[in-house]
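User: I'm new to this one, so could you walk me through it once it's on screen?
Analyst: Gladly; let's bring it up and begin with a single residue.

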Amino acid sequence: MYSKKEIYTISNLLSFLRLLMAIPFWILIGNINEPGVRNVLAALAIIGALTDWLDGFVARKRNEVTELGKIIDPLADKIAIGAIMIRLYM
């Protein structure tokens with residue numbers, strides 16, 4: 001099991017944030033033709049990219065590379081992209 005110290009690192013919290021960003025993506029893509037939604041989606045995509053870069057940078061800089069982080073980081077990417085692709089297909 002993972003310790004609290006290993007779970008609650010800045011880099012892991014950024015990855016969890018990116019994982020949760022799949023929810024607003026899913027909701028907003030359903031309303032993509034409404035005014036301003038595309039701008040919000042673009043902003044979310046930029047924030048997602050920045051948090052992806054930042055969590056890796058912070059993990060290496062602060063020596064916080066954890067086994068949980070090695071799982072959560074790519075999982076967050078795949079879930080966010082998967083949610084976007086599925087919603088666009090629908």
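User: Okay, where does Lys70 lie?
Analyst: Bearing in mind that this is a predicted model, Lys70 lies in helix 5, which covers residues 67-89.

User: Is Lys70 buried or exposed?
Analyst: Lys70 counts as partly exposed, because its relative accessibility is 48% and the exposed class needs over 50%.

User: And how far apart are Lys70 and Lys4 in space?
Analyst: From C-alpha to C-alpha they are 16 Å apart, while in sequence Lys70 and Lys4 are separated by 66 residues.

User: Switching to the surface, which residues make the nonpolar patch?
Analyst: Leu20, Ile23, Trp26, Ile27, Ile86, Tyr89 and Met90 make this patch, which has an area of about 840 Å².

User: Which helix gives the most to it?
Analyst: Helix 3 does, with three residues, although helix 3 (22-29) and helix 5 each supply at least two.

User: What about Leu20, where does that one lie?
Analyst: Leu20 lies in helix 2, residues 10-20, and Leu20 is exposed, with a relative accessible area of 55%.

User: New topic: how many aromatic pairs are there in the whole structure?
Analyst: A search of the whole structure finds one, and it is formed by Trp53 and Phe57, whose rings are stacked at 5.2 Å centre to centre with 15° between the planes.

User: Where do Trp53 and Phe57 lie?
Analyst: Both are in helix 4 (residues 37-61), four residues apart, which is about one turn of the helix.

User: And how exposed are those two rings' residues, Trp53 and Phe57?
Analyst: Trp53 counts as exposed at 54% relative accessibility, whereas Phe57, with a relative accessible area of 36%, is partly exposed.

Methods. Residues are numbered from 1 along each chain as its sequence is written. This is a predicted model: local features need pLDDT of at least 70, side-chain atom pairs count only at pLDDT 80 or more; totals for chains, interfaces and linings use all residues. Side-chain values use heavy atoms; hydrogens and water are left out. Buried means under 20% relative accessible area, exposed over 50%, partly exposed in between (1.4 Å probe, protein chains only). Patches are made of residues with over 30% relative accessible area and no salt bridge: like charges are joined within 9 Å, nonpolar side chains (Val, Leu, Ile, Met, Phe, Trp, Tyr) within 5 Å. Accessible areas come from the Shrake-Rupley method with a 1.4 Å probe; for residues, only the protein chains shown count as cover. A salt bridge is a side-chain nitrogen of Lys or Arg within 4 Å of a carboxyl oxygen of Asp or Glu. Rings of Phe, Tyr and Trp (its six-membered ring) pair if their centres lie within 6.5 Å; planes under 30 degrees apart count as stacked, over 60 as edge-to-face and the rest as tilted.
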